[in-house]
Amino acid sequence: MSSDSEVEMDIKPVVEEEIFVKPAKKKRQLTDKQKEALANGRAKAKAKRDAIKAKEAEQVAMKKLKKEQKDIEKAAAVEARNKQGKKEKLSQQELAREKVRKMEYDRKYKKYNDKKTEILGKCESVAQFDTINRILSNVSEEDIMDGDKLKHKLHSYIEHTKKYYKNKLGN
């Protein structure tokens, strides 16, 4: 093999093969019975999906309703606690108010009794003592608690007594 030698090859002309075109298959046609069965199957599947959706919607609605009921119950419980707290506060305030009212009543009643005792101690006779005691015993607790009423009532008694003794001594 010499370097000058040529290598011979057989070159064959390329024969283009014909491209085989397969005919497209016809779309499969369902029979009427198959179409009816398919429609029934789809309807059943849709009914199942709808039933599941309805059930889920009902469950969601029930959960929402239960949550609302719990919220209402919690609000009612909070309101009840607040009312109880307010009642306790009012009760404490009422007790304090009643205590102050009692102290004020005692103070005014003691002041009235001290004045009554002082006036009765200045009497010069038993008759005068009895008369003034009878007049002062007509003073009610309501009059004692209202200072203006007490002054007005005592003033009217004093004026009446003055007129009585003036007429008695004058005759």
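**Notebook: the pocket and the long helix**

Started with the largest pocket: H4 gives the largest share of its lining, 9 residues. Note to self: this is a predicted model.

How much space lies in the largest pocket? I get about 600 Å³. Besides H4 (147-170), I noted that H1, H2 (126-137) and H3 (141-145) each give two or more residues to the lining.

Next I looked up who sits nearest the centre of this pocket. Of the 23 lining residues, those are Tyr112, Ile119, Leu136, Leu150 and Leu154. I also sorted the lining by type and got 12 nonpolar, 7 charged and 4 polar residues.

Then I went for the largest nonpolar core. I found 5 residues in it: Tyr112, Leu136, Val139, Ile144 and Leu150. That fits my lecture notes, which say that nonpolar side chains tend to be buried together in soluble globular proteins.

Which residues does Leu136 touch, leaving aside neighbours within four places in sequence? I listed Tyr112, Lys116 and Leu154.

On to helix H1, residues 32-121. I count 90 residues, and H1 reaches 129 Å from first C-alpha to last, close to the expected 134 Å. Its buried residues are Tyr112, Lys116 and Leu120.

Last stop, Arg81, which lies in H1. Is Arg81 buried or exposed? I call Arg81 exposed because its relative accessible area is 57%, and the cut-off for exposed is over 50%. I also checked Arg81 against Glu36: they are 45 residues apart along the chain, and their C-alpha atoms are separated by 67 Å.

Conventions
Residues numbered from 1 in each chain as written. Predicted model: local features only at pLDDT ≥ 70, side-chain atom pairs only at ≥ 80, totals over all residues. Heavy atoms only, no water. Helix = DSSP H or I, 4+ residues; strand = E, 2+ residues; numbered from the N terminus. Expected span 1.5 Å × (residues − 1). Buried < 20%, exposed > 50% of the residue type's maximum accessible area, 1.4 Å probe, protein only. 1 Å grid on protein atoms, 1.4 Å probe; cavity = no way out; pocket = protein on both sides within 12 Å on 5 of 7 lines; lining within 4 Å. Points joined across faces, edges and corners; volume = space filled by probe spheres on them. Nonpolar A, V, L, I, M, F, W, Y, C, P; charged D, E, K, R; others polar. Core = buried A, V, L, I, M, F, W, Y, C linked by side-chain atoms within 4.5 Å. Contact = heavy atoms within 4.5 Å.
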